[in-house]
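Open your viewer and get your selection tool ready. We will go from stop to stop, and at each one you will hear what to select and what is there.

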Amino acid sequence: MLECLAAAAWLVGGGTAAVVALLVGAFFVFKLPPPSKAQREVVQQFSRGMIAHRGAELDAPENTLAALRLCKQNGAIAAEIDVDFTADGEAVLLHDDTVNRTCHGGSGPVASFTLAALQKLDATKGHARAAQFHGETVPTFDEAVRVAKEVGLNLFVDLKSNPAKSAEAVALVFAKYDLYSHAIAASFLPHVLYAVRQRDPRIATCLIRRQHVLATRPDGSVRNKEKWKRLVAPPLDFLLDLSLHTFLPSFLGVMGIAVHKDGCSKLYARKWRDAGYGIIVWTVNDPVEQAFFKSFAPIMTDKCSSQ
């Protein structure tokens, strides 16, 4: 749409100046409101202790109700959870876009399962303590929030896909459980956060950053099978990172950024805070690294227990 408007301005005769003016005007027209003071203060709820990444996946199977309960018992003040959608549109807790890595009893994309079929799977596959947690299933987003409220956990909600469904699901659950002071909606995907804040401006949002996120998976492997996607992913990563460090946080009205530990330093964190944004560092498991990052930012970790 913006490209068409820019081309039209050029044809009308305004030239480069008109195009620039049009794009700047579009920025302010579509720009979301800045976060309120209350939204900026939400990140403080996450700065007083451990944030359990995927519910502390080394202690219990990731993104399960058991993980949420156990991480609270082990001292976590918040949990990071991942939300995706089933074939029938139900919001569920799963990190990957397939069930292959974490679930026994089935395989294939999350979006190919109905909720009823998905919850027949055992969500302990590959975990070192699978026998202890046998029978844990994939919970719905609503079920997870209910448990978090019961045990007193704040939530960092990582939205994996689908802007419209994500915005609707988050808005409904935040309103139902009054999460506005106790949860953050986050994503690597700017258009997801844009949809969330359009749907409910009261929700505190956070951009997630990892270098080369479109080209590689967290383990460093190539994300895309198709050749054309492998070719376009690196320049898109460059543009995403450039926008994240220039106009994107302001445009989206986010209250902070969650950055991978390998791309963070004291100076980097200070620059974000000086610009008025909160910062969270993920995922920090090494005790020496934990001591370092805790000295200037809240951290996420895969392990909350002392064993």
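How many aromatic pairs does the count come to? The count comes to eight aromatic pairs in this predicted model.

**Stop 1: aromatic rings**

Select Phe292 and Phe293 and show their side chains. These two rings form an edge-to-face pair, with 5.0 Å from centre to centre and 70° between the planes. Edge-to-face is the right word because planes over 60 degrees apart count that way. The two residues can also be looked at for exposure: Phe292 has 37% relative accessibility, so it counts as partly exposed, while Phe293, at 5%, counts as buried. Next, add Tyr268, Trp272 and Tyr277, which ring pairs link into a cluster.

**Stop 2: strand β1 and its partners**

Now select residues 50-53, which make up strand β1. Met50 and Ala52 point one way from this strand, Ile51 and His53 point the other way, and all of them are buried. In a regular strand the side chains alternate between the two faces of the sheet.

Which strands pair with β1? One of them is β2, which runs parallel to β1 and is joined to it by four bridges. To find a contact point, select Met50 and look for Ala76, its bridge partner in β2. The other is β9 (residues 300-301), which pairs with β1 in the parallel sense over two bridges. Here Ile51 stands opposite Met300.

Add helix α4 (residues 65-73) to the selection: β1, α4 and β2 make a right-handed β-α-β unit.

**Stop 3: the largest pocket**

Select His95, Lys160, Arg217, Pro218 and Arg223. Among the 41 residues that line the largest pocket, these five lie nearest its centre. The pocket has a volume of about 1,300 Å³. Three elements give two or more residues to the lining: β2 (76-85), β4 (154-159) and α9 (227-244). Of these, α9 gives the most, with five residues. If you colour the lining by residue type, you should find 14 nonpolar, nine polar and 18 charged residues.

**Stop 4: a cavity**

How many cavities of 30 Å³ or more does the count come to? The count comes to one, and the volume of the largest cavity is about 50 Å³. Select Glu62, Asn63, Thr64, Leu93, Leu94, His95, Thr102, Cys103, Ala123, Thr137, Val138 and Pro139 to show its lining. That lining divides into six nonpolar residues, five polar and one charged. You have met His95 before: this residue is in the lining of the cavity and also among the residues nearest the centre of the largest pocket.

**Stop 5: three places in loops**

Begin with Gly106, in the loop between β3 (91-93) and α5 (115-118). Gly106 has a relative accessible area of 28%, so it is partly exposed. Draw a distance from its C-alpha atom to that of Ala117, 11 residues apart along the chain, and you should read 9.2 Å.

Most residues other than glycine have a negative phi. With that in mind, go to Asn162, which is not a glycine yet has a positive phi of about 55°. Asn162 lies in the loop between β4 and α7 (163-177) and is partly exposed, with a relative accessible area of 31%.

Finish at His212, where phi is also positive, near 60°. Is His212 buried or exposed? With a relative accessible area of 52%, His212 is exposed. Look for this residue in the loop between β6 (205-209) and α9.

How values were computed. Residues are numbered from 1 along each chain as its sequence is written. This is a predicted model: local features need pLDDT of at least 70, side-chain atom pairs count only at pLDDT 80 or more; totals for chains, interfaces and linings use all residues. Side-chain values use heavy atoms; hydrogens and water are left out. On a 1 Å grid over the protein atoms alone, a cavity is a set of points where a 1.4 Å probe fits but cannot get out, and a pocket is an open set with protein on both sides within 12 Å along at least five of seven lines; lining residues have an atom within 4 Å of a point. Grid points are joined across faces, edges and corners, and a volume is the space filled by probe spheres set on the points. Ala, Val, Leu, Ile, Met, Phe, Trp, Tyr, Cys and Pro count as nonpolar, Asp, Glu, Lys and Arg as charged, and the others, Gly among them, as polar. Buried means under 20% relative accessible area, exposed over 50%, partly exposed in between (1.4 Å probe, protein chains only). Two strands pair if DSSP finds at least two bridges between them. A crossover is right-handed if, with the strands pointing away from the viewer, the path from the first strand over the helix to the second runs clockwise. Rings of Phe, Tyr and Trp (its six-membered ring) pair if their centres lie within 6.5 Å; planes under 30 degrees apart count as stacked, over 60 as edge-to-face and the rest as tilted.
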